[in-house]
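Hi there,

Here is the structure I promised to pass on. Have a look at it first, and then read my notes below.

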Amino acid sequence: METDLTSVIIGLASLAIFMLPIGYYQIQEKKGLKEAKKQFLNKAGDLAFQTGDFEVLRNRASIGIGKNHEELLYVNKNQYQLIELADVVNCSDYKNHRKDLGSHDSVIQQVGIRIKLRHGLDARLPFFEGKEGTLIGDEQIIVRRWIDRINSAHKELETSVNV
């Protein structure tokens, strides 16, 4: 059985055309994650935040708890929030919905963590910011995991202060 050279070339060219956008997307994702990580570490260095456990989120925001479990740093683009965990009263998830005109359906616009602080202050840390054509993925699981980490660090901090 002979293989036609033209068919092989056409098959390889088709495969390359199919794989090119996927490869480009993967390269851009890695580049974006690297930039977000660099931005978080630079901001942590500027604030003298001793980076412990941190994560770069899908929306290119970064969140981390300090080594001594006293502070939480959230960086999103050029904005950041540094939260003292001793000031945390409550930590919960939130969702913002937007209703489509002419429809009874609502679309999730934002998912994140809401941290209530002493003195009635409120901090919102978005993990997912919906745009047209984007779907929510595992952000709710990640939000839950970070709420557990924050609560655990807060309890550990309270225990060390009370002892």
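Let's start with a small puzzle: is Ala 48 buried or exposed? Ala 48 is exposed, because its relative accessible area is 63%. (Buried means under 20% relative accessible area, exposed means over 50%, and partly exposed is in between, using a 1.4 Å probe and protein chains only.)

Before we go further, some ground rules. This is a predicted model, in which local features need pLDDT of at least 70 and side-chain atom pairs count only at pLDDT 80 or more, while totals for chains, interfaces and linings use all residues. Residues are numbered from 1 along each chain as its sequence is written, and side-chain values use heavy atoms, with hydrogens and water left out.

**The overall layout**

The protein chain has two helices and seven strands. (Helices are DSSP runs of H or I with at least four residues, strands are runs of E with at least two, and both are numbered from the N terminus.) Going along the sequence, you meet them in the order α-β-β-β-β-β-β-β-α. The chain has 163 residues, and 29% of them count as buried. It exposes about 11200 Å², with carbon and sulfur atoms supplying 55% of that; accessible areas come from the Shrake-Rupley method with a 1.4 Å probe, and for residues only the protein chains shown count as cover.

Now for contacts, meaning heavy atoms within 4.5 Å. Among those with a separation of 6 or more, 45% are between residues 24 or more positions apart.

**Helix H1**

Helix H1 covers residues 5–46, which makes 42 residues. From its first C-alpha to its last it reaches 60 Å, close to the 62 Å expected at 1.5 Å a residue. (The expected span is 1.5 Å times one less than the number of residues.) H1 bends by about 30° at Met 19, and Pro 21, a proline, follows within four residues. The bend is the angle between axes fitted to the seven residues ending at a position and the seven starting there.

Which residues of H1 are buried? They are Gly 32, Ala 36, Phe 40 and Ala 44, and they pack against strand S1 (51–56), S2 and S3.

After H1 comes our friend Ala 48, in the loop between H1 and S1. Its phi is near 60°, a positive value in a residue other than glycine. Lys 77 also isn't a glycine, and its phi is positive too, at about 60°. You'll find Lys 77 in the loop between S3 and strand S4 (79–84), and it counts as exposed because its relative accessibility is 54%.

**The cores**

In soluble globular proteins, nonpolar side chains tend to be buried together. A nonpolar core here is a set of buried Ala, Val, Leu, Ile, Met, Phe, Trp, Tyr and Cys residues joined through side-chain atoms within 4.5 Å. The largest one has 25 residues, and those with the most contacts inside it are Leu 72, Ile 113, Ile 115 and Phe 127. Two or more residues each come from S2 (62–66), S3 (71–76), S5 (88–99), S6 (106–117), S7 (122–129) and helix H2 (139–162). H2 gives the most, with seven residues. A second, separate core of five residues includes Ala 44, Phe 49, Leu 73 and Val 75.

Try clicking on Ile 113: leaving out residues up to four places away in sequence, its contacts include Phe 127, Val 143, Trp 146 and Ile 150.

**Three polar residues to look at**

- Glu 55 lies in strand S1 and counts as buried because its relative accessibility is 18%. Its side chain is joined to that of Arg 145 by a polar contact of 2.7 Å. (A polar contact is a pair of N or O atoms within 3.5 Å; within protein, one must be able to donate a hydrogen and the other to accept it, and residues adjacent in sequence count only if both atoms are side-chain atoms.)
- Asn 59 sits in the loop between S1 and S2, and at 17% relative accessibility it counts as buried. A polar atom of its side chain lies 3.4 Å from the backbone oxygen of Pro 126.
- Asn 90 is in strand S5 and counts as partly exposed, at 38% relative accessibility. Its C-alpha is 10.0 Å from that of His 154, which is 64 residues away along the chain.

Cheers!
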